[in-house]
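Biologist: I have a model open in front of me and would like to go through the labels attached to it. Could you take me through the reasoning behind them?

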Amino acid sequence: MKRLLLGTLMLGATLSLSAQKEATLTVQADKGTDIIPKEIYGQFAEHLGSCIYGGIWVGENSDIPNIKGYRTDVFNALKALQVPVMRWPGGCFADEYHWMDGIGPRDQRPKMVNNNWGGTVEDNSFGTHEFLNLCEMLGCEPYVSGNVGSGTVEELAKWVEYMTSEGDSPMANLRRKNGRDKAWKVKYLGVGNESWGCGGSMYPEYYSDLYRRYATYCRNYDGNQLFKVASGASDYDYKWTRVLMERAGSMMNGISLHYYTVTGWVGSKGSATQFTPDDYYWTMGKCREIEDVLKKHIAIMDELDPKNNVALLLDEWGTWWDVEPNTIPGHLFQQNTLRDAFVASLSLDIFHKYTRRLKMCNIAQVVNVLQSMILTDGPRMVLTPTYHVFRMYKVHQDATYLPVDIQCDTMQVRDNRTLPLVSATASKDKNGKIHLSISNIDTENARELTIRLNGAQAKGVTGEILTATHINDYNSFDKPETVVPRPFKDARIRKGVLTLTMPAKSIVTLELQ
Ligand code: AHR
């Protein structure tokens with residue numbers, strides 16, 4: 001069936017007649033072996049701008065409704081997202097953070113200047129207790145980033161003791177004095193962050209030695225088993241991964257990687273909401289390039305760790321645009337459009353393929369910073385298109401990954417990248433239900449999809465769709481429901497074959513019965 005749709009070109013500028021194209025997907029429903037770890041859906045919360053203060057934490061005396069100081073609206077939205085793991089306190093902030101400033105009575109905690117992020121005064125009212133209690137309330141694993149750049153071995157060793165020791169030890173007793181009797185369980189410990197940059201400007205050889213030294217004194221107390229993560233490479237720095245794996249691989253459980261969808265680090269990064277078709281398709285190409293980057297880091301790890309003992313953690317990823325006009329440049333507050341939603345869906349589709357080695361991903365960042373789930377403005381809160389992708393995709397957490405072959409048209413985009421116009425992923429959950437998420441990134445053309453299910457039979461299908469009138473549509477505080485998921489009714493199954501018509505620029509998640 002072919003039909004013509006009247007569609008709009010992006011930015012609402014031009015009306016054009018859109019044609020419908022075709023694509024074929026084959027889901028290997030009988031070939032799944034790997035589980036998609038729920039930690040692929042991890043979050044990151046840094047002391048940066050209004051991520052923590054105003055975004056998550058308002059304090060018990062705030063007029064903004066809160067649960068023990070955590071704003072109620074944000075807490076409930078995160079609970080609904082099933083956040084599996086949260087990284088904190090940075091980022092660059094982590095290597096200037098001295099955890100002892102953030103414990104004890106809040107009115108007696110010393111202040112500091114947040115040198116990395118706009119010189120804002122940090123009053124340390126959100127510290128270890130506030131973070132770990134939040135994780136307990138959300139039911140997520142904490143991922144604590146330790147200070148290697150400007151902190152001592154002793155300081156990091158004592159932090160681990162403070163958080164996790166049940167014994168009659170100095171730090172456990174200090175924790176008790178501060179109101180927490182039982183130790184927390186803390187699994188993930190980052191030993192520094194971006195140690196090649198804001199975390200100490202080190203060479204990989206030097207950092208490898210430091211890693212070994214710091215990691216030695218981070219102990220496992222009373223049944224708590226640390227998963228120690230070395231500060232890894234940025235983007236295309238394969239040498240960093242190689243040197244660390246060679247010199248310290250035997251002492252780590254994981255190594256991190258950072259990859260941002262960003263135009264560059266010098267000058268303007270482009271507006272989050274005003275962009276051309278060329279910018280949009282470039283963004284899709286750049287975000288998809290993570291696949292090649294993952295493959296190359298993984299190849300080095302496979303060579304140096306053939307038994308797959310060390311996990312790769314992409315503990316920072318997402319879009320990085322110019323800050324919104326009239327906001328503080330160092331606070332990295334950016335809007336979030338349907339374009340960002342596609343960066344989320346395309347990235348998650350790729351991450352699902354590499355979970356043999358890739359065990360965690362943390363999008364940057366959870367509230368009010370970079371590619372956020374949530375934006376706040378005083379008492380107001382809005383869920384971003386990226387939030388909705390994470391909500392639609394949560395069905396894939398801890399499900400069995402099912403390979404998908406995609407036949408679709410491609411286009412050449414800026415920087416000489418070839419871009420398939422359809423992306424997809426599939427999984428089977430613990431109850432045997434198959435979920436399929438598909439993105440049609442073409443802004444002009446709908447797509448008629450034919451989906452074959454190898455090794456499975458489906459009788460019915462339900463779904464949700466995320467789309468909008470324009471590719472640069474976003475949810476504002478005044479219009480919070482511009483880009484929200486809606487029921488999707490255009491899928492049908494006949495003789496075991498699933499067919500659906502996906503509108504231009506849409507993301508669909510289907511559940512097969
Ligand atoms: O996420 C913002 C910053 O990006 C982090 O603090 C740092 O690790 C990275 O450069």
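Modeller: Happy to; we will go through helices, rings and burial in turn, and please keep in mind that this is a predicted model.

Biologist: Let's start with two helices. Why are α7 and α8 called roughly parallel to each other?

Modeller: The axes of α7 (residues 277–288) and α8 (residues 290–304) cross at roughly 15°. Angles under 35 degrees count as roughly parallel, and therefore α7 and α8 are given that label. Their axes also come within 4 Å.

Biologist: Which residues make the contact of α7 and α8?

Modeller: On the α7 side they are Lys 286, Cys 287 and Arg 288, and on the α8 side Ile 290, Glu 291 and Asp 292. By type, these residues divide into 2 nonpolar, no polar and 4 charged.

Biologist: Now the rings, please. What makes Trp 57 and Tyr 70 an edge-to-face pair?

Modeller: Two values are needed, since a pair of aromatic rings is described by the distance of the centres and the angle of the planes. For Trp 57 and Tyr 70 the centres are 5.2 Å apart, and the limit for a pair is 6.5 Å. The planes stand at 70°, and over 60 degrees counts as edge-to-face. The structure holds 23 aromatic pairs, by the way.

Biologist: Where do Trp 57 and Tyr 70 lie in the chain?

Modeller: Trp 57 is in the loop between β4 (42–44) and β5 (66–67), while Tyr 70 is in strand β6 (residues 70–71), 13 residues apart. Both Trp 57 and Tyr 70 are buried.

Biologist: And why is the pair of Trp 88 and Phe 126 edge-to-face?

Modeller: Their ring centres are 6.2 Å apart and their planes are at 65°, so the pair earns that name; the angle is to be set against the cut-off of 60 degrees. Trp 88 lies in strand β7 (residues 85–88) and Phe 126 in the loop between β9 (120–122) and α2 (128–138), so the pair ties together parts 38 residues apart in sequence.

Biologist: How do you know that Trp 88 is buried?

Modeller: Buried means under 20% relative accessible area, and Trp 88 has 0%. Phe 126 counts as buried too, at 1% relative accessibility. Trp 88 and Phe 126 belong to one aromatic cluster, which also includes Trp 57, Tyr 70 and Trp 159.

Biologist: What makes you say that the charged end of Arg 339 sits over the ring of Phe 275?

Modeller: That charged end is 3.7 Å from the ring centre, where the limit is 6 Å, together with a limit of 35 degrees from the ring normal. Arg 339 also lies over the face of Trp 321, at 3.6 Å from the ring centre.

Biologist: Why is Val 113 called partly exposed?

Modeller: Val 113 has a relative accessibility of 41%, and partly exposed is what falls between 20% and 50%. Val 113 lies in strand β8 (residues 112–114). Leaving aside neighbours within four places in sequence, Val 113 is in contact with Gly 119 and Thr 120.

Biologist: One last label: how do you know that Ser 347 is buried?

Modeller: Its relative accessibility is 3%, to be set against the limit of 20%, so Ser 347 counts as buried. Ser 347 is in helix α9 (residues 338–351). Beyond its neighbours within four places in sequence, Ser 347 is in contact with Cys 287 and Trp 317; Cys 287 is one of the α7 residues in the contact with α8.

Notes:
Residues are numbered from 1 along each chain as its sequence is written. This is a predicted model: local features need pLDDT of at least 70, side-chain atom pairs count only at pLDDT 80 or more; totals for chains, interfaces and linings use all residues. Side-chain values use heavy atoms; hydrogens and water are left out. Axes are lines fitted to C-alpha atoms, for helices over the stretch in contact, and angles run from 0 to 180 degrees between N-to-C directions. Angles under 35 degrees count as roughly parallel, over 145 as roughly antiparallel, 65 to 115 as roughly perpendicular and the rest as oblique. Contact means heavy atoms within 4.5 Å. Ala, Val, Leu, Ile, Met, Phe, Trp, Tyr, Cys and Pro count as nonpolar, Asp, Glu, Lys and Arg as charged, and the others, Gly among them, as polar. Rings of Phe, Tyr and Trp (its six-membered ring) pair if their centres lie within 6.5 Å; planes under 30 degrees apart count as stacked, over 60 as edge-to-face and the rest as tilted. Buried means under 20% relative accessible area, exposed over 50%, partly exposed in between (1.4 Å probe, protein chains only).
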